[in-house]
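Visitor: Could you take me closely through one part of this model, the charged side chains and how they pair or gather? I would like one connected account, with the cysteines added at the end.

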Amino acid sequence: MRQNQLHNNRLQTDQLQELTLVAIEAAKSAGELINSYDDVEIEVHHKGKGGSLAAEVVTRVDLEAQAIIKTALKESCEQHDIAFLGEESQDDGSRFQKSCFWLVDPIDGTLSFCEKRKGYSVSIALVQSDGSPVIGVVYDPISGKLYHATRGLGARINGQQTRSVITKGTTLNCFFDRSYANDHRYGSVIDFLVQTSGFLSDVKITAQGGAVLNACWVLENAPAVYFKFPKDKGGSIWDYAATACIYNELGLPATDIAGEPFELNRKESTYMNHKGLIFASNKELARQTKSIIDKLR
């Protein structure tokens with residue numbers, strides 16, 4: 001007999017708390033492994049899926065980190081009948097057969113990791129079959145900073161409960177991956193935001209992090225935004241699930257550009273940039289960003 005303790009297809013609060021601690025330890029263990037390669041030259045391979053350079057690179061460290069995480073989560077999978085999907089493994093479809101699944105990116109921002117630059121992290125989420133994230137854990141191996149949230153229990157940074165973003169003046173902080181430089185529309189959105197806001201005095205662009213830390217940095221550098229225009233490929237569900245959970249607990253916008261929740265359990269594909277995305281430090285900034293993007297599409 002399966003030892004799951006599901007009730008109405010939902011884990012209870014105490015179970016979610018327990019699973020959050022398991023995910024935190026898994027992320028930290030993976031981070032420890034990643035840090036052990038600080039002074040090691042890493043051989044880079046390419047997945048051959050036709051995505052951007054950032055999405056294509058993979059190293060043995062990605063594979064080793066995912067193995068550590070999967071082992072750490074194995075008991076919880078067996079006890080609660082939870083499926084597992086990691087970036088570096090095949091999608092076996094089990095996420096559609098269970099009431100929830102672990103969704104893992106062992107190194108988000110592998111390109112930054114290979115270049116020994118900040119911007120990479122470990123990301124672990126627990127997602128319900130309807131695509132709702134109920135646990136989100138992000139660990140930055142360089143700073144040692146831990147971001148996490150559990151549905152109904154709020155969000156924490158380094159163990160401290162946080163209820164709002166950290167505001168740093170009137171400069172608009174924009175976080176992107178490197179591909180933004182190839183699309184003039186990003187600059188147009190930024191210009192419009194500054195011109196129409198009434199309170200923004202300047203803009204600062206940071207374009208070196210992976211999707212996960214870009215979203216986390218928005219929280220700590222308000223007013224801030226991270227957005228992407230829709231495209232066919234790029235940006236997968238494991239890039240956004242953990243941070244979506246954190247934003248949900250803070251009541252902040254983490255949506256596609258139509259303002260709808262992310263589709264984190266798509267049957268068609270694990271890609272999810274087909275509808276674009278917006279992470280913003282407040283709802284008004286998200287609204288303004290959406291309005292401008294609509295005009296430029």
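Guide: A salt bridge is counted here where a side-chain nitrogen of Lys or Arg lies within 4 Å of a carboxyl oxygen of Asp or Glu. The model is a predicted one, and by that rule it has ten salt bridges. One of them joins Glu268 to Arg266, with 3.7 Å between the closest N and O atoms, and its two partners are unlike in their surroundings, since Glu268 is exposed at a relative accessible area of 64% whereas Arg266 is buried at 12%.

Another of these pairs is formed by Glu115 and Arg117, whose closest N and O atoms are 3.6 Å apart. Here Glu115 is partly exposed, with 36% relative accessibility, and Arg117 is also partly exposed, with 35%.

A further salt bridge links Asp81 with Lys98, and in this case the closest N and O atoms are 2.7 Å apart. Asp81 belongs to the loop between helix 3 and strand 3 (83–86), while Lys98 belongs to the loop between strand 3 and strand 4 (100–108), so the pair ties together parts that are 17 residues apart in sequence. Asp81 is buried, its relative accessible area being 12%, and Lys98 counts as partly exposed at 26%.

Charged side chains also gather without such pairing: Asp14, Glu18, Glu75 and Glu78 form a patch of negative charge on the surface. Helix 1 (13–35) and helix 3 (60–80) are the elements that each give two or more residues to this negative patch. Glu75, placed in helix 3, has a relative accessible area of 59% and is therefore exposed, and a residue can enter a patch only with over 30% relative accessible area and no salt bridge.

As for the cysteines, the structure holds zero disulfides. Cys77 is in no disulfide, for the nearest cysteine sulfur, that of Cys100, is 8.7 Å away, and a disulfide would need the two sulfur atoms within 2.5 Å. Cys77 counts as buried, at 16% relative accessibility. Cys245 is likewise in no disulfide, the nearest cysteine sulfur being that of Cys216, 12 Å away, and Cys245 is buried, with a relative accessible area of 1%.

How values were computed:
Residues are numbered from 1 along each chain as its sequence is written. This is a predicted model: local features need pLDDT of at least 70, side-chain atom pairs count only at pLDDT 80 or more; totals for chains, interfaces and linings use all residues. Side-chain values use heavy atoms; hydrogens and water are left out. Patches are made of residues with over 30% relative accessible area and no salt bridge: like charges are joined within 9 Å, nonpolar side chains (Val, Leu, Ile, Met, Phe, Trp, Tyr) within 5 Å. Accessible areas come from the Shrake-Rupley method with a 1.4 Å probe; for residues, only the protein chains shown count as cover. Lys and Arg count as positive and Asp and Glu as negative; His and the chain ends are not counted. The place of a charge is taken as NZ of Lys, CZ of Arg, CG of Asp or CD of Glu. Helices (H or I, at least four residues) and strands (E, at least two) are DSSP runs, numbered from the N terminus. Buried means under 20% relative accessible area, exposed over 50%, partly exposed in between (1.4 Å probe, protein chains only).
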